[in-house]
Amino acid sequence: MEVTVKAPAKINLTLDVTGRREDGYHLIESVMQAIDLCDVVTVYKTGHSDIRLEIDDERVPDDERNTAWRAAAAFCEAAGLSTAGIGIRIRKRIPMQAGLAGGSADAAGVLVALNLLTDARLDQDALCDAGAKVGADVPFCLLGGAGLCTGTGTIVTPLPSMTDCHLVVAKPLCGVSTAEAYRRIDETTLRRRPHTSVVTDAVCAGDLETIGRELCNVFEEAIPLPETAAIRQIMREHRTLGCLMSGSGSAVYGLFGNREDARLCADALRREIDEVCLCRPCAHGPAEV
């Protein structure tokens with residue numbers, strides 16, 4: 001028996017770093033939105049004595065360094081189960097080092113799929129608690145839709161999912177290390193910070209124009225990559241309502257109210273960049289296929 005789920009990526013509509021704890025972890029405030037760009041995660045029983053992980057991208061580690069592997073271990077601990085005989089297959093579609101939470105999405109997918117496979121019936125709070133031990137974005141990736149994420153990112157206040165629209169996501173060749181991004185934040189005097197409450201209200205009201213106008217991510221100022229600036233310029237030339245780097249980068253997304261504008265923008269970007277996709281907001285977390 002096996003269970004397969006699609007695990008959605010996320011984008012940040014706002015991202016602010018508000019402080020730092022004594023243990024070194026940064027505190028954030030971010031409005032996040034799930035999108036229908038998904039990895040495909042399958043869990044199944046094996047005859048082995050450990051967790052086995054298969055991934056169709058050789059750049060991704062297939063051992064305990066991987067968030068999906070650690071999510072399986074965290075699930076078994078929460079459910080009081082043995083880790084013996086768990087197999088995981090992942091088809092990667094979410095770009096790496098992009099700020100789209102691909103690793104966290106995979107972890108969330110494993111938690112949901114194992115809950116179905118084992119019939120453990122852990123509730124959402126228990127899954128989120130297990131996910132928080134794996135990565136800060138995992139609780140949001142479990143919930144999906146839209147949410148205001150605070151603390152280290154693990155405290156999620158659900159919001160109504162963003163009104164339907166069209167998104168163009170473009171990932172340049174360069175990637176960004178999260179650790180390096182936060183190091184640069186610590187060294188940068190920020191000139192602009194997000195109006196988080198304005199964006200939260202706009203999401204609740206379905207006001208795409210205000211969302212687009214107020215998109216703000218402090219990492220764009222701390223990490224001024226020429227590649228992301230070039231992507232934003234192309235998006236602006238194609239009537240985006242707003243565009244922003246997601247997370248600590250390096251993917252950039254553009255928000256469009258019109259599908260044709262989004263399609264033309266994606267076509268223009270594909271002439272310059274390999275990893276470009278058209279997608280839409282997603283109102284849920286990992287869902288069984």
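**Figure 1. L27 and its surroundings in strand β2.** In this predicted model, L27 lies in strand β2, which spans residues 26–45. Is L27 buried, or is it partly exposed? With a relative accessibility of 27%, L27 counts as partly exposed. Look next at V17: ten residues separate it from L27 in sequence, and the two C-alpha atoms are 5.8 Å apart. V17 is also among the residues that L27 touches, once residues up to four places away in sequence are set aside. That set runs through D16, V17, T18, G19, R20 and R21, and it takes in G151 and T152 as well.

**Figure 2. The largest nonpolar core, seen around L13.** Here we move to a core of 64 residues, the largest nonpolar one in the model. L13, I88, L100 and I211 have the most contacts inside it. Which helix gives this core its largest share? Helix α2 (residues 102–118) does, with nine residues. Close up on L13, and leave out its neighbours within four places in sequence: its contacts are then V31, Q33, M162, V199, V203, I211, L215, C216, L244 and Y253. A second core, separate from this one, has 33 residues, including V17, C149, I234 and F256. As background, nonpolar side chains tend to be buried together in soluble globular proteins.

**Figure 3. Helix α1 crossing helix α2.** Helix α1 covers residues 67–79, and its axis comes within 8 Å of that of α2. The two axes cross at roughly 35 degrees, and the crossing is right-handed. On the α1 side, the residues to find are T67, A68, A71, A72 and F75. They meet G103, S104, D106, A107, V110, L111, L114, N115 and T118 of α2. By type, this contact is made up of eight nonpolar residues, five polar ones and one charged one.

**Figure 4. Cysteines without a disulfide.** How many disulfides does the structure hold? The count is zero. Take C38, which is in no disulfide: the nearest cysteine sulfur belongs to C282 and is 5.8 Å away. C38 is buried, at a relative accessible area of 16%. Now turn to C279, and ask why its sulfur is not bonded to that of C277. The closest cysteine sulfur to that of C279 is indeed the one in C277, but the two are 4.3 Å apart, so they are too far for a bond; the cut-off for a disulfide is 2.5 Å. C279 also counts as buried, at 4% relative accessibility.

Notes. Residues are numbered from 1 along each chain as its sequence is written. This is a predicted model: local features need pLDDT of at least 70, side-chain atom pairs count only at pLDDT 80 or more; totals for chains, interfaces and linings use all residues. Side-chain values use heavy atoms; hydrogens and water are left out. A nonpolar core is a set of buried Ala, Val, Leu, Ile, Met, Phe, Trp, Tyr and Cys residues joined through side-chain atoms within 4.5 Å. Buried means under 20% relative accessible area, exposed over 50%, partly exposed in between (1.4 Å probe, protein chains only). Helices (H or I, at least four residues) and strands (E, at least two) are DSSP runs, numbered from the N terminus. Contact means heavy atoms within 4.5 Å. Axes are lines fitted to C-alpha atoms, for helices over the stretch in contact, and angles run from 0 to 180 degrees between N-to-C directions. A crossing is left-handed if the near helix is turned anticlockwise from the far one by less than a right angle, and right-handed if clockwise. Ala, Val, Leu, Ile, Met, Phe, Trp, Tyr, Cys and Pro count as nonpolar, Asp, Glu, Lys and Arg as charged, and the others, Gly among them, as polar.
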